[in-house]
Structures are given as structure tokens and as C-alpha cells.
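Student: Take me through the second largest pocket and the parts that frame it. I would like a close reading, one step at a time.

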Amino acid sequence: MAITYTIQRSSRRKTIGVKIEAYTGKVTVFAPKLTPLSRIEEVVKRREGWIIEKVGAVAAKNSILPRIEEGAKIYIAGKYYLLNLSDVKRASVKGEVITLPKENAKRSLVMLTKRLFLPYIVQKINRFASLCGFKYESVSLNKTKRKWGSCTSTGKITFTVALAFLPEDICDYVVLHELCHTKEMNHQREFYALLSRFMPDYKVRQSNLKIYGSYLSYFYEE
């Protein structure tokens, strides 16, 4: 397998380094300014196995990303929708069809998803809070590409909009995880004991959540 890569030279670098971009799988080699091309090729050849493995891992993660194109089906907040790309100015939903502008389709989808997801997640968090005896102050959505959710010491819970595209059982895990933080702010033994009491299979769901890690960057709004 031939490795395609770009080279970035810098007078400040002392060694040759290789970086694999987490989302695109793009390979970049960073090298001191006067490094001969033959030396760079030697380093790439020596690290060929590692590079191929990492690029393959990125491709595997990205293979599960939803297709945002005409006629594609996409899961959002507990429902499947058919995507229609058209010459419109803004996204809209009618029944089970979402119409998106051809330009900036993904960005428009994210904005529409926020409107669909907020009442869905509020209903879900209220149900868990009632069943499990939790209290929280507020719930909101943000644009983070680092965390699925967070909870402050005062009970303000925030979720990333990317959570809307995940299977319901995994979404439930994230919701309960953050609700547990209203009583246990850390990840010590007491926190996981609390989580396990209400969701005995949380470890399975926690493991499955990792499969969707690429969604965080994919649906992130710049």
C-alpha cells in the first residue's frame, strides 16, 4: 500500500514527526527545514506499518458516519428521516422528510437537529430524573467536539448535539451518566455504584459509545 502524505518543513524542528489527523486520516510529516527528501522517505518507510494501521482505524470509525446526501436515511432523536437536498435557503422537516439546502447541508442539518433534539432530550432526562430520584437545574445543548455531556456542581447539564444521532440505548446511558453527576461529581467508586444501580449494563453501553467517537467532530459546528 502506497502511503500518500504531505511534508511540512520548519526551521524550528529538530526531529522528524508523523501525524495522522483523527477525522480525515490525512498523513503529515513534519521535518527540519534542511532535511533531505531521502531521509523523510526512510522514516515513512520505517513507520509504514504504524501509519497504515492508524489510517485504517480512522477509516473504520468514519465508515459509520451518516451520509448527508439525497435519498439517504438518517436517525435523529429517536426517528428515521429521509433526506432531500434542494435549492432552498434553510432546512425544514415535514413528517419523515428533512429538506436541506444543497449548500452547507451538514451545517443546516445540525441547526435543524438542535430544534428536534432539545424537546426530545428534555423529555428523556425528566423521565430518568423522576424514575431515579435525581434533581437537576437546567439542560441545554452546545457545540463541543470533546464531550457527549457535562454537569456542573449546581446541576446544569449540557449535551452535544451529536448525541441526537446515536442509538437510543446509548443516548440513555449518556443522560443517566450526567444525572448521576448531580450526586457524585467525580468518577470514583461511588459514582459507578450509583450508575450501576439504575443501569446494570452500563459498561456495555459505555463501550458501544466509543464506536461513535467520530460523530463528535463530524457534527461539530465551527
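Tutor: The pocket comes up front, then its strands, then the aromatic rings and a few backbone details.

Bear in mind that this is a predicted model. The second largest pocket has a volume of about 220 Å³. Its lining is made of 13 residues. Nearest the pocket centre lie Gly149, Tyr173, His177, Glu178 and His187. By type, the lining splits into six nonpolar, five polar and two charged residues.

Now see which elements supply that lining. Three of them each give at least two residues: strand S9 (149-151), helix H4 (168-180) and helix H6 (202-209). Helix H4 contributes the most, with four residues. Tyr173, His177 and Glu178, from the group nearest the centre, fall within the range of H4. Gly149 falls within strand S9.

Follow S9 into the sheet. S9 and S10 run antiparallel and are joined by three bridges. One residue pair to look for is Ser150, whose bridge partner in S10 is Thr158. The two strands form a hairpin with four residues between them. In that hairpin, Gly155 takes a positive phi near 90°.

S10 also has a partner in S8 (residues 138-142). Here the strands run parallel, and five bridges join them. Ser138 faces Lys156 of S10 across this pairing. S10 itself spans residues 156-160, and four of its five residues are buried, so the strand is largely enclosed by the rest of the structure.

Next, the rings. Two rings count as a pair when their centres lie within 6.5 Å, and planes over 60 degrees apart make the pair edge-to-face. By this rule there are nine aromatic pairs. Take Tyr212 and Tyr215: their ring centres are 5.3 Å apart and their planes meet at 85°, so the pair is edge-to-face. Both of these tyrosines are buried. Tyr218 and Phe219 also pair, with centres 4.9 Å apart and planes at 80°, so this contact is edge-to-face as well.

How buried or exposed are Tyr218 and Phe219? The limit for buried is under 20% relative accessible area. Tyr218 has 12%, so it counts as buried. Phe219 is at 3%, so it is buried too. Ring pairs tie these four residues and Phe165 into a cluster: Phe165, Tyr212, Tyr215, Tyr218 and Phe219.

Rings also take part in contacts with arginine. Arg47 lies over the face of Trp50, 4.4 Å from the ring centre. Arg127 lies over the face of Phe128, at 4.8 Å from the ring centre.

Finally, two loop residues deserve a check of the backbone. Ala77 sits in the loop between strand S4 (73-76) and strand S5 (79-86). Its phi is near 50°, a positive value in a residue other than glycine. Ala77 is buried, at 11% relative accessible area. Asn104 belongs to the loop between strand S7 (97-101) and helix H3 (105-132). Asn104 is not a glycine either, yet its phi is positive, at about 60°. With a relative accessible area of 55%, Asn104 is exposed, whereas Ala77 is buried.

Key:
Residues numbered from 1 in each chain as written. Predicted model: local features only at pLDDT ≥ 70, side-chain atom pairs only at ≥ 80, totals over all residues. Heavy atoms only, no water. Phe/Tyr/Trp six-rings, centres within 6.5 Å; stacked < 30°, edge-to-face > 60°. Buried < 20%, exposed > 50% of the residue type's maximum accessible area, 1.4 Å probe, protein only. Lys NZ or Arg CZ within 6 Å of the ring centre and 35° of its normal. 1 Å grid on protein atoms, 1.4 Å probe; cavity = no way out; pocket = protein on both sides within 12 Å on 5 of 7 lines; lining within 4 Å. Points joined across faces, edges and corners; volume = space filled by probe spheres on them. Nonpolar A, V, L, I, M, F, W, Y, C, P; charged D, E, K, R; others polar. Pairing = 2+ DSSP bridges.
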